[in-house]
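Work through the exercises below with the sequence and the coordinates open. Each task is followed by a solution in steps.

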Amino acid sequence: MESIAGLFKVLLDLGPNVVLPFFIFLFALALRTPPGKAIRAAIFIAIALIGIKMVIAFMGDNLGPAMKALSKNSGLKLDVMDVGWGAVAAAIWATPMGAIGIPVLLLFNLVLLYFRATKTLMVDIWNYHHLITAGVLTYWATDNVYLGFAGMMLAALITWLLADWSAPFLQRFYGLPGISMPTLSSISELVIAAPINELLDHIPGAKNIRGNFDSVRKYLGLFGEPAVLAVIIGLVIGLMAGYDVKNTLNLAMNLAAVMIILPKVVAILMEGLMPIQEASREFLQKRMGNREIFLGLDSAISIGHPSVLTAALILTPFVLILAAILPGNQMLPFADITVIPFRIAFVVALVNGNVFRTLVIGAVVLMQVLLCGTVTSPVLTKIFLSVGGKMPEGAVGIASFSGGSLFVSYAIMQSLAFVVSGLIISLVVFGLFLLVAKSQQQKALKLMEDEEENTYAAQKNAALHS
């Protein structure tokens, strides 16, 4: 096991831009994809993910200083600093469970696939760190290595089951046949989102509010264009941050660039995925009797959707208001402010882009992130310091929009550490999710089917009158 862990440690040191295409290439070959096509697919997928990260980093370089200025202007006094998912991931990989976790989880995934306990094959090795984080948090909270590994395996099982459950409506909304997205930092929010969406279905008035981002953009005309909308939101954020005219205009134009460029980069990803999807379909038809298996990829492939980006930009300044007024919160949003698209991408698909529901559920999701991040900060801070991390000036703890801020990770750590309040909250939330899971999946698919039928009818009517 140590030699296997050492091999994975070497691979991890190469970085996700090398690791992911390597596993994609091996997976493509296993599906009998011709070597030339397998290499091309792996390279194109890697290029797209690098491009997505570059655009997100560019957005962070622009939004980060603006949000810091906005925070300063608002006089927020919060002492748990959001240091970003990258710092947390680096700390987790540096723990003994880090490299060992990958071969253990990969084997666990293959075993579950063999026994048909999941349909998802998670080839996104880099994002195994989210699953390992749940185990490391549990170990530090309980001082029990067995509970630590149990927490890691439980996080993986929940993630893959959620990936199977969400795949039908995510595939349809984002146009990604054969794909699931077992990225815990995105999929964890569905546990919160589904019960809230069910609640909205039973609230008079709220349940009848229609209008998705596409229809709103059509209604607004020029002002509904993604780039123009991004400019408007950028101007608002710049003014709230106290920027001068030059910096405000630059911020607005840079956000508009993100809104247009990111979907183009995702198109490159789709080009890389096509031969693998075709090979996967042929392989399964020949050898597994049409058994359905999903290729588990990074949820980054979903965040280029204009509806996701629009909702994220609207919610970005709002999260600071939440941080200021939310009782019990000590977390100051900062480094991870640009990962909000990852937190709401699956929410957007669940409600089929409904503007009202996306923003309401998105706000609740962000409140959960802040509160869970605050509660788990002491344990995460100990881990961070134990591997040589340095505390930010003026902070008494660290957190991020990842790690313990994810509800699944929080629930596992609190439950296995037998923190009564956390255990009760976890049982209630997961219980509510299980009650509504089937109906919510069906409703999400029905919304998409109805929209497709309406679009087809409108096109047919237009053709008849032309």
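A nonpolar core is a set of buried Ala, Val, Leu, Ile, Met, Phe, Trp, Tyr and Cys residues joined through side-chain atoms within 4.5 Å. Buried means under 20% relative accessible area, exposed over 50%, and partly exposed in between (1.4 Å probe, protein chains only). The model is predicted, and local features need pLDDT of at least 70, side-chain atom pairs count only at pLDDT 80 or more, while totals for chains, interfaces and linings use all residues. Residues are numbered from 1 along each chain as its sequence is written, and side-chain values use heavy atoms, with hydrogens and water left out.

**Exercise 1. The core**

Task: find the residues with the most contacts inside the largest nonpolar core, and the helix that gives the most to this core.

Solution. Step 1: the largest nonpolar core holds 151 residues. Ile52, Ile132, Phe169, Tyr174 and Ile276 have the most contacts inside it.

Step 2: helices (H or I, at least four residues) and strands (E, at least two) are DSSP runs, numbered from the N terminus. Helix 3, residues 35-74, gives the most to this core, with 15 residues.

Step 3: take Tyr174 as the example, with contact meaning heavy atoms within 4.5 Å. Beyond its neighbours within four places in sequence, Tyr174 touches Met181, Ser302, His305, Val308, Ala345, Phe346, Val348 and Ala349.

Step 4: set this against the whole chain, in which 55% of the 466 residues count as buried. Among contacts with a separation of 6 or more, 81% come from residues 24 or more positions apart.

**Exercise 2. The two sheets**

Task: give the strand order of each open sheet.

Solution. Step 1: the chain has 17 helices and 6 strands. Two strands pair if DSSP finds at least two bridges between them.

Step 2: one open sheet of 3 strands runs in the order 5-1-6 with parallel pairing. Its edge strands, each pairing on one side only, are strand 5 (331-332) and strand 6. Strand 1 (residues 80-82) is joined to strand 5 by 2 bridges, and Val80 stands opposite Met331.

Step 3: another open sheet of 3 strands has the order 2-4-3, again with parallel pairing. Here strand 2 (120-122) and strand 3 (179-180) are the edges. Strand 2 and strand 4 (residues 294-296) pair over 3 bridges, with Leu121 and Leu295 as bridge partners.

**Exercise 3. Serine 402**

Task: is serine 402 buried or exposed, and which residues is it in contact with?

Solution. Step 1: serine 402 sits in the loop between strand 6 (397-399) and helix 16 (407-416).

Step 2: serine 402 counts as buried because its relative accessibility is 2%.

Step 3: apart from neighbours within four places in sequence, serine 402 is in contact with Trp85, His130, Asp336 and Arg343.

Step 4: a polar contact is a pair of N or O atoms within 3.5 Å; within protein, one must be able to donate a hydrogen and the other to accept it, and residues adjacent in sequence count only if both atoms are side-chain atoms. The side chains of serine 402 and histidine 130 make such a contact at 3.3 Å.

**Exercise 4. Aromatic pairs**

Task: classify the ring pairs Phe108 with Trp160 and Trp165 with Phe433.

Solution. Step 1: rings of Phe, Tyr and Trp (its six-membered ring) pair if their centres lie within 6.5 Å; planes under 30 degrees apart count as stacked, over 60 as edge-to-face and the rest as tilted. The structure holds 7 aromatic pairs.

Step 2: Phe108 and Trp160 have centres 5.8 Å apart and planes at 45°, a tilted pair. Phe108 is in helix 5 (residues 96-114) and Trp160 in helix 7 (residues 145-174), 52 residues apart. Both are buried.

Step 3: Trp165 and Phe433 are edge-to-face, at 5.1 Å centre to centre and 75° between the planes. Trp165 belongs to helix 7 and Phe433 to helix 17 (residues 420-464), so this pair ties together parts 268 residues apart in sequence. Both Trp165 and Phe433 are buried.

Step 4: ring pairs join Trp165, Phe169 and Phe433 into a cluster. Phe169 is also among the residues with the most contacts inside the largest core.
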